Amino acid sequence: MNHLATRPRTGRLATAAGAVVATCAISLAACTATGTTAAHASPASPASPAISTCTGATDLHLRIPDTRGHKTAGITYYTLDFTNTSSSTCSLSGFPFVSMISRAGRQLGSPAGRARMTVVPLVRLAPGATAHTTLAYYGGKVSGTSGCGPVATAFELRAYVAGQKRALYAALGLHSCSHSGRVYLLITQSFRAGAGAS
């Protein structure tokens, strides 16, 4: 005869019942938590519409308010204004690529250098709005020696905005190097909102 002890059925039933109750309690808590989260969740805000980059001659007009410039310590400064002529908001960032051009459309000398800046803001231009930057002209570097080549008189200034192939032009008759090498132009700051000083 087997005298091994057996666990009473009442104990097994009580344990099973406890497990069922615990499971229901856990499930109910999970359901309640899920429902609460869903009820209090705020709806997702719509994404802001992307603003395209201003595309050079398609969106912009270049103007030099004062072609005489402002001269200080042998350096002449010119304001370059870029106005959004399109019907949509566009953005500008960084520096324009600037060079002087002959009447025949040939680049005169090296393109303008750019100042070193650690912070370059993004400028958003609504239709009709203007951004500006400043061009410094080092006339003392323009001579027939030291790699500048024969001095020529520019017919206009040519500018590209970053990533675009359509140039902008504005009349500016500066004495310019005819050969590349010596840098006699400098963009002193990245694009800034608003028209520059005239």
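## Confidence in the model

The protein chain has an average pLDDT of 81, and 74% of its residues score at least 70. pLDDT is the predictor's confidence in each residue, from 0 to 100. This is a predicted model: local features need pLDDT of at least 70, side-chain atom pairs count only at pLDDT 80 or more, and totals for chains, interfaces and linings use all residues. Residues are numbered from 1 along each chain as its sequence is written, and side-chain values use heavy atoms, with hydrogens and water left out.

Residues 1-47 stay under a pLDDT of 50. For this stretch the model has two contacts (heavy atoms within 4.5 Å) beyond four places in sequence. Where pLDDT is low, the predicted coordinates should not be read in detail.

## Strands β4 and β8

Helices (H or I, at least four residues) and strands (E, at least two) are DSSP runs, numbered from the N terminus. Strand β4 covers residues 90-93 and runs antiparallel to β8, with four bridges joining them. Two strands pair if DSSP finds at least two bridges between them. S93 stands opposite L122 in β8.

In a regular strand the side chains alternate between the two faces of the sheet. Strand β8 (residues 122-125) shows this alternation. V123 and L125 point to one face and are buried. L122 and R124 point to the other face and are not buried. Buried means under 20% relative accessible area, exposed over 50%, and partly exposed in between (1.4 Å probe, protein chains only).

## Loop residues D66 and A73

D66 sits in the loop between β1 (60-63) and β2 (70-72). Its relative accessible area is 16%, so D66 is buried. The side chain of D66 reaches the backbone nitrogen of R68 at 3.0 Å. D66 and A197 are 131 residues apart in sequence, yet their C-alpha atoms are 8.9 Å apart in space.

A73 belongs to the loop between β2 and β3 (75-84). With 80% relative accessibility, A73 counts as exposed. A73 is a residue other than glycine with a positive phi, near 50 degrees.

## Loop residue S86

S86 is placed in the loop between β3 and β4. At 18% relative accessibility, S86 counts as buried. Its side chain makes a polar contact with the side chain of N84 at 2.7 Å. A polar contact is a pair of N or O atoms within 3.5 Å; within protein, one must be able to donate a hydrogen and the other to accept it, and residues adjacent in sequence count only if both atoms are side-chain atoms.

A polar atom of the S86 side chain also lies 3.0 Å from the backbone oxygen of S88. Leaving aside neighbours within four places in sequence, S86 is in contact with D59 and P127.
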